[in-house]
Amino acid sequence: MSYTVAVRALCEFTARAGDLDLRFTPAPSALEGIEGHDLVRARRGAGYEAELRLAGSFEDLQVRGRADGFDPALGQLEEIKTYRGQIDSVRDNHRALHWAQAKVYGHLLCLERGLPSLKVALVYFNVGTQQETVLAEQYSAAELQAFFEQQCRLFLDWARSEAAHRSARDAALTALRFPFAQFRTGQRALSVAVYRTAQAGLQAGGGSCLLAQAPTGIGKTVATIFPMLKASAQEGLDKLFFLTAKTTGHRLALHALGLLQTALQGQTGAVPLRVVDLQARDKSCEHPDKACHGESCPLAQGFYDRLPAARAQALAQEPMLTPDKVRSLALQHQVCPYYLTQELARWSDVVVGDYHYFYDSAAMLYALTQAHQWKVGVLVDEAHNLLERARRMYTAELPQHTLAAARKAATGPVKKSLDALNRQWNALNKTQHEGGQDYQVYAELPPGLLGAVQRAVAAIAQAQGDSPMLPGDAVLGFYLEALSWLNLAEQLGPHALFDISLWGNGLGSAASGRRGPMSTLCIRNVVPAPHLAARHTAACATVLFSGTLGPQAFYQDLLGLPPATRWVEVPSPFQAAQLQVQIAGHISTRYQDRAQSLVPIAEVVAAQFARQPGNYLCFFSSFDYLQRAAECMQRLHPQLPLFCQTSAMDDAGRAAFLARFDEAGQGIGLAVLGGAFSEGVDLPGNRLIGAFIATLGLPQVNPINTHMQQAMAQRFGTAKAYDYTYLYPGLRKVVQAAGRVIRSEDDRGVVVLIDDRFHRAQVRALLPSWWEPQRW
């Protein structure tokens with residue numbers, strides 16, 4: 001049985017040694033890296049060959065990859081690497097890895113073309129100065145073959161064990177049966193749709209997508225994981241990524257995977273399915289007071305030397321690699337738990353993690369998928385959350401106070417570049433302030449400002465290359481924020497806004513001594529589609545599922561899903577008789593009507609509680625509205641057992657709030673719609689028998705949302721702009737909150753929708769089809 005590995009994965013396995021060293025060095029952005037590669041290639045002759053796909057084998061190991069370029073005139077194969085600062089900032093362990101990749105590609109090219117010898121070159125391209133440093137060595141084909149075979153031998157025992165694992169995994173998954181006696185209502189339809197999406201993606205070479213709207217309570221998690229695992233065995237998927245926005249999603253995924261592992265163990269006596277759960281760095285770090293390099297942290301020192309033993313033990317002994325298990329193994333081998341987990345993700349069958357691991361601009365799982373040419377299936381849990389999360393991923397703010405702090409600490413050319421940027425920035429502030437605009441959206445980035453930021457970033461990068469700055473340095477802090485902002489600024493298009501928000505009275509021009517407002521520069525994402533589309537293409541199959549994913553076009557347009565995206569709506573297993581839905585249409589919760597709404601809302605809540613005492617949630621659009629309503633209820637109906645969410649509530653406070661919902665208890669919890677208690681909360685049976693929703697959940701009308709609506713109109717048309725900006729996001733939150741009441745086929749409850757607009761046909765059409773709303 002053969003095993004296939006990418007050149008980069010082979011070399012990362014065999015050529016890495018020494019310390020883990022994550023001290024900051026300036027790095028080109030992804031766009032700068034692409035442009036750097038393109039510029040190097042453009043400088044070569046007309047016969048230059050770029051992006052050569054190469055492959056070869058050693059015994060039962062298949063190696064494949066894509067070399068950067070080959071110059072036939074020089075007989076030179078090139079591996080191109082971009083960098084910033086000084087060439088000496090490219091560390092020795094990185095250069096060793098680069099040389100290993102180049103020499104492996106050299107052997108594969110000699111093999112393919114029958115070359116007796118070859119010049120192999122590392123081309124280091126400085127994106128700041130656009131200068132090349134070429135390190136070249138002449139090798140005979142025999143020398144390159146010997147090096148290639150040496151790397152393969154180092155990898156081969158591991159590769160054979162991985163091939164055996166893959167064979168055992170696929171055989172077990174082929175025989176795997178659904179872990180319950182029968183499918184619940186809707187589960188089979190969902191599973192079939194997921195499997196067919198994976199099948200279609202593999203046949204088409206990737207990019208197959210499914211939007212699945214399925215109600216709470218049918219078991220969506222296991223109904224999506226099970227068919228994707230079946231596709232792994234039968235259709236050839238390499239890995240499954242289960243992505244979620246919240247801790248509850250992690251727990252549900254790990255529970256479902258545990259059930260499937262138990263089923264596998266019952267079939268085979270073993271568990272040939274590796275699962276790793278990615279945890280945030282701040283939760284995994286053993287030495288938060290130390291920097292991530294061998295001179296500071298003992299778990300970084302010699303990390304790559306001790307990694308093989310830790311990796312081998314983890315994958316041999318622990319099929320469910322939870323954070324606690326990985327930590328125990330890491331400390332046993334004296335390696336960093338966080339980076340051991342990232343290494344284990346390369347060799348696991350299922351990876352559970354946050355959305356950002358695949359979707360943000362520096363997404364680890366996406367980068368690994370691209371680098372190692374994996375065929376992956378992606379499951380996006382509670383996918384309605386991806387829109388706002390992706391907007392945050394591709395939004396960057398640059399506050400002027402970080403520039404002020406950097407200017408105080410800077411010297412020499414860096415100080416000069418920061419002062420020049422400050423002058424450009426203050427000129428914009430002055431013009432905007434004189435125009436009477438605290439917030440303003442600009443049609444384009446002012447060229448002077450953009451150029452000043454670019455020059456400041458380049459100057460800091462040059463200084464960093466000469467003398468590395470330590471964490472906590474104000475100049476380094478500004479540089480990191482500016483780099484993130486600049487990366488998005490260079491991609492600015494109609495999918496985003498550039499805006500400036502004025503605030504305070506900071507220092508104006510140093511030359512004039514004028515005092516004036518300071519500001520924050522923001523690249524504000526409106527439509528994440530252009531950023532996410534490449535992620536969907538990279539996966540063989542992507543399934544986005546949630547209880548609230550309608551209308552289909554809204555999510556398809558904003559999340560960048562392809563036109564051929566499939567849609568499935570799983571019928572609810574619940575009956576209308578289980579949930580009394582009532583509309584208190586005599587009340588308006590519009591902003592201007594809120595003062596008049598307080599007494600009627602209090603009367604509705606008190607009447608329902610008197611009719612049927614028990615546990616209720618009552619949702620409002622803001623903490624201010626919530627507090628005013630609570631005071632009114634306490635004044636008019638002091639017998640009501642109220643308890644309130646607060647804006648500063650921590651994990652312990654949230655746990656205490658939920659603990660009030662006891663099976664035998666009675667109380668009314670007041671909460672904010674869209675907050676911690678309106679989704680991802682499971683209070684079955686009598687723990688929650690009803691909910692009041694005193695809002696449509698519409699985003700606030702303010703200058704930012706007004707401009708977002710205008711951007712939506714420009715992209716999707718005026719008719720869709722209001723719905724996309726306000727109505728659909730608002731009603732999604734309403735339905736999610738109402739979904740807290742009915743959690744199983746045995747639950748019963750009531751939902752009271754408080755606002756006259758719930759009677760509108762357009763609004764009613766966005767409510768679940770199995771609801772039968774009645775007038776209060």
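Here is a walk through this structure, going from its sheets to its helices and then to its empty spaces. Keep in mind that what you are looking at is a predicted model.

Let's start with the sheets. A bit of background helps here: strands of a sheet pair through backbone hydrogen bonds, and the pairing can be parallel or antiparallel. One open sheet in this model has eight strands, and if you walk across it you meet them in the order β10-β9-β11-β8-β12-β17-β7-β18, with parallel pairing. At the edges stand β10 (320-321) and β18 (566-569); each has a single partner strand, so one side of each is left without a neighbour in the sheet. For a look at one pairing, find β7 (residues 208-213) and β17 (residues 541-546), which run parallel and are joined by six bridges. Within that pair, Leu 211 stands opposite Leu 544 in β17.

A helix goes with this sheet too. Helix α7 (residues 247-268) lies across β8 (239-244), β9 (275-277), β10 and β11 (350-354), and its direction makes an angle of about 170 degrees with β11.

Now move along the chain to an open sheet of seven strands, again with parallel pairing, in the order β21-β22-β20-β23-β24-β19-β25. Its edge strands, β21 (642-644) and β25 (774-775), each pair on one side only. At the β21 end, three bridges link β21 to β22 (residues 667-672) in the parallel sense, and Leu 642 stands opposite Ile 668 in β22.

Strand β24 (residues 749-754) deserves a longer stop. What sits beside β24 in the sheet? On one hand there is β19 (residues 579-584), running parallel to β24 and joined to it by six bridges; Ile 583 stands opposite Leu 753 here. There is also β23 (residues 690-693), parallel to β24 as well and joined by four bridges, with Gly 690 opposite Val 750. So how many residues of β24 are buried? Six of the six are, which means the strand is largely enclosed by the rest of the structure. You can check this face by face: Gly 749, Val 751 and Leu 753 are buried on one side, and Val 750, Val 752 and Ile 754 are buried on the other.

Helix α25 lies across β20 (615-620), β23 and β24, running at about 160 degrees to β23. This helix also takes us to the second largest pocket, where α25 gives the most to the lining, with seven residues. The space in that pocket comes to about 1300 Å³. It has 48 lining residues, and the closest to its centre are Gly 697, Leu 698, Pro 699, Gln 700 and Lys 733. By type, the lining divides into 20 nonpolar, 15 polar and 13 charged residues. Among the other elements that each supply at least two residues are α14, β16 (515-525) and α20 (552-558).

Helix α14 (residues 386-393) is itself mostly covered, with six of its eight residues buried. Those buried residues are Leu 386, Leu 387, Arg 389, Ala 390, Arg 391 and Met 393.

Last come the cavities. Across the whole structure there are five of 30 Å³ or more, and the largest has a volume of about 120 Å³. Of its 14 lining residues, Cys 285, Cys 292, Cys 297, Cys 336 and Tyr 339 are the closest to its centre. The lining of this cavity is made up of ten nonpolar residues, one polar and three charged.

Technical notes
Residues numbered from 1 in each chain as written. Predicted model: local features only at pLDDT ≥ 70, side-chain atom pairs only at ≥ 80, totals over all residues. Heavy atoms only, no water. Buried < 20%, exposed > 50% of the residue type's maximum accessible area, 1.4 Å probe, protein only. 1 Å grid on protein atoms, 1.4 Å probe; cavity = no way out; pocket = protein on both sides within 12 Å on 5 of 7 lines; lining within 4 Å. Points joined across faces, edges and corners; volume = space filled by probe spheres on them. Nonpolar A, V, L, I, M, F, W, Y, C, P; charged D, E, K, R; others polar. Pairing = 2+ DSSP bridges. Contact = heavy atoms within 4.5 Å. Axes fitted to C-alpha atoms, helices over the stretch in contact; angles between N-to-C directions.
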